[in-house]
Amino acid sequence: MDIIDDLQWRGAINQQTDAEGLKKEVNEKKFGLYAGIDPTGDSMHVGHLIPFMILKRFQLAGFKPVILIGGATGSIGDPSGKKAERKLQSMEQVKYNEERLTNQMKKLFGEDGKFQIVNNYDWTSQFSLLDFLRDYGKRFNVNTMLNKEIVSSRLETGISYTEFTYQILQAMDFEHLYKNNDVELQIGGADQWGNITGGIELIHKTQGADAKAFGLTIPLMLKADGTKFGKTEGGAVWLDPEKTTPYEFYQFWINTDDRDVIKYLKYFTFLDREEIGDLEDKVKNEPWKREAQRRLAEEVTEFVHGKDAVVEAQNITEALFSGNVQDLTTAEVETGFKNMPSVEVSADKKNIVEWLADDTEIEPSRRQAREDVKNGAIRINGEKVDNVDADIDPSQSFDGKFVVVRRGKKKYYLARIK
Ligand SMILES: N[C@@H](Cc1ccc(O)cc1)C(=O)O
């Protein structure tokens with residue numbers, strides 16, 4: 001089984017420009033290949049992982065991945081999949097985002113130097129307007145450009161000359177990497193088809209019709225329930241641990257629907273056919289165990305955040321589920337509660353009922369607080385408190401930094417000590 005068969009099995013191939021030619025080439029040569037990302041934001045999210053996971057698979061199979069950061073294209077904006085013209089970002093913002101994305105990519109692809117990161121600003125910024133028009137503009141037919149889905153879908157609402165030109169810039173990238181980095185294949189999402197084929201046509205014009213250049217796109221990720229992949233109530237699931245904590249990241253994968261989990265295992269992990277086959281049986285025969293979801297969450301979290309993050313995420317998950325938060329370290333509480341409801345309290349000792357109703361406002365009234373305490377619905381740092389006369393001493397917990405309150409079975413609050 002070669003890497004193309006593997007991708008096919010993973011359901012990761014949407015379109016290919018010359019399937020037969022590419023199949024032959026992968027078995028003959030460990031060529032270079034690339035995928036690009038525009039620095040339109042300061043972090044990747046889980047959707048961005050899709051093409052780069054494929055690049056990574058090629059890397060593991062001995063091919064030479066080139067990661068392109070679109071410092072030039074990102075300052076223009078890809079019209080693909082956008083209904084309206086984009087607002088230009090400031091060049092400072094583009095630069096800042098570039099740096100952040102470059103660091104994330106380095107983490108994913110390892111520090112061993114078996115890949116390259118390039119920035120298309122480096123060559124695109126070198127062309128004068130006249131060079132561009134004479135050497136490139138001449139090779140692009142406006143009719144062909146207009147017929148590409150990215151442009152044709154925007155003709156009614158309008159598209160600027162700037163965004164119209166985007167496809168030429170991406171085509172120039174492929175040609176540049178073909179000439180300088182031994183790149184023969186470009187990978188991208190389904191919406192990149194027009195940009196990728198534009199590059200191949202350019203290469204065939206400038207490098208000869210038999211130049212080996214291929215394109216492969218990945219199907220749009222669709223979820224069984226029809227909602228968008230990679231979104232939670234809190235918004236996108238980011239790779240930046242400051243935006244989405246490793247615990248939340250782990251939770252995102254753990255919560256995968258049974259109908260989606262095998263597809264995600266194929267897309268986002270390096271588990272082999274046999275193991276994914278076993279997990280598929282488990283989803284069918286004992287779905288309540290959620291073993292496939294657990295494997296998925298472990299694998300992806302480890303890939304993005306490392307082994308320690310998996311252990312931490314699992315500790316937090318387990319403690320919040322069982323209620324035994326006293327087993328957590330102060331750092332784990334900090335991570336686990338980063339985006340949960342929190343209040344600020346003083347370090348003073350206080351009667352539990354008053355503290356819940358007045359200081360933290362976790363309870364709407366003292367009457368309700370009394371009732372909940374009596375009924376055993378309140379846990380403070382994992383310990384049940386059912387005596388309404390008890391005192392709470394915030395300074396006694398988690399290095400005097402916070403108190404963890406559980407109300408009922410699932411509701412958690414964090415009281416941060418001032
Ligand atoms: N156009 C791609 C990013 C990209 C930029 C330049 C390239 O050469 C390749 C890809 C996207 O928006 O996802």
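Q: In this predicted model, which atom of the ligand does a polar side-chain atom of D78 lie beside, and at what distance?
A: A polar contact is a pair of N or O atoms within 3.5 Å. In this model, a polar side-chain atom of D78 lies 2.7 Å from a nitrogen atom of the ligand. A nitrogen atom of the ligand also has a polar side-chain atom of Y166 at 2.8 Å, while for D173 the partner is an oxygen atom of the ligand, at 2.6 Å.

Q: How much of the accessible area of the ligand does the protein cover?
A: On its own, the ligand has 350 Å² of accessible area, and the protein covers 85% of this. Two elements, β2 (32–37) and α9 (161–180), each give two or more residues to the shell around the ligand. The largest share, three residues, comes from α9.

Q: How do the residues of that shell divide into nonpolar, polar and charged?
A: Three are nonpolar, six are polar and three are charged. Among the residues around the ligand are Y34, G36, N120 and Q170.

Q: Why do the buried residues of α18 line one face of the helix?
A: Buried means under 20% relative accessible area. In helix α18 (residues 366–374), A369, D372 and V373 are buried. Seen down the axis of α18, the buried residues fall within an arc of 100°, so they line one face. Their cover includes α17 (352–359), β11 (378–380) and β14 (402–407). The face turned away from the buried side carries the exposed residues R367 and K374.

Q: Does Q251 count as buried or exposed?
A: Q251, in helix α11 (residues 246–254), counts as buried because its relative accessibility is 17%. The side chain of Q251 makes a polar contact with that of T317, at 3.0 Å.

Key:
Residues numbered from 1 in each chain as written. Predicted model: local features only at pLDDT ≥ 70, side-chain atom pairs only at ≥ 80, totals over all residues. Heavy atoms only, no water. Helix = DSSP H or I, 4+ residues; strand = E, 2+ residues; numbered from the N terminus. Buried < 20%, exposed > 50% of the residue type's maximum accessible area, 1.4 Å probe, protein only. Polar contact = N/O pair within 3.5 Å; in protein donor to acceptor, adjacent residues only side chain to side chain. Arc of directions from axis to C-beta. Contact = heavy atoms within 4.5 Å. Near = heavy atom within 4 Å. Areas by Shrake-Rupley, 256 points an atom, 1.4 Å probe, with all protein chains shown as cover. Nonpolar A, V, L, I, M, F, W, Y, C, P; charged D, E, K, R; others polar.
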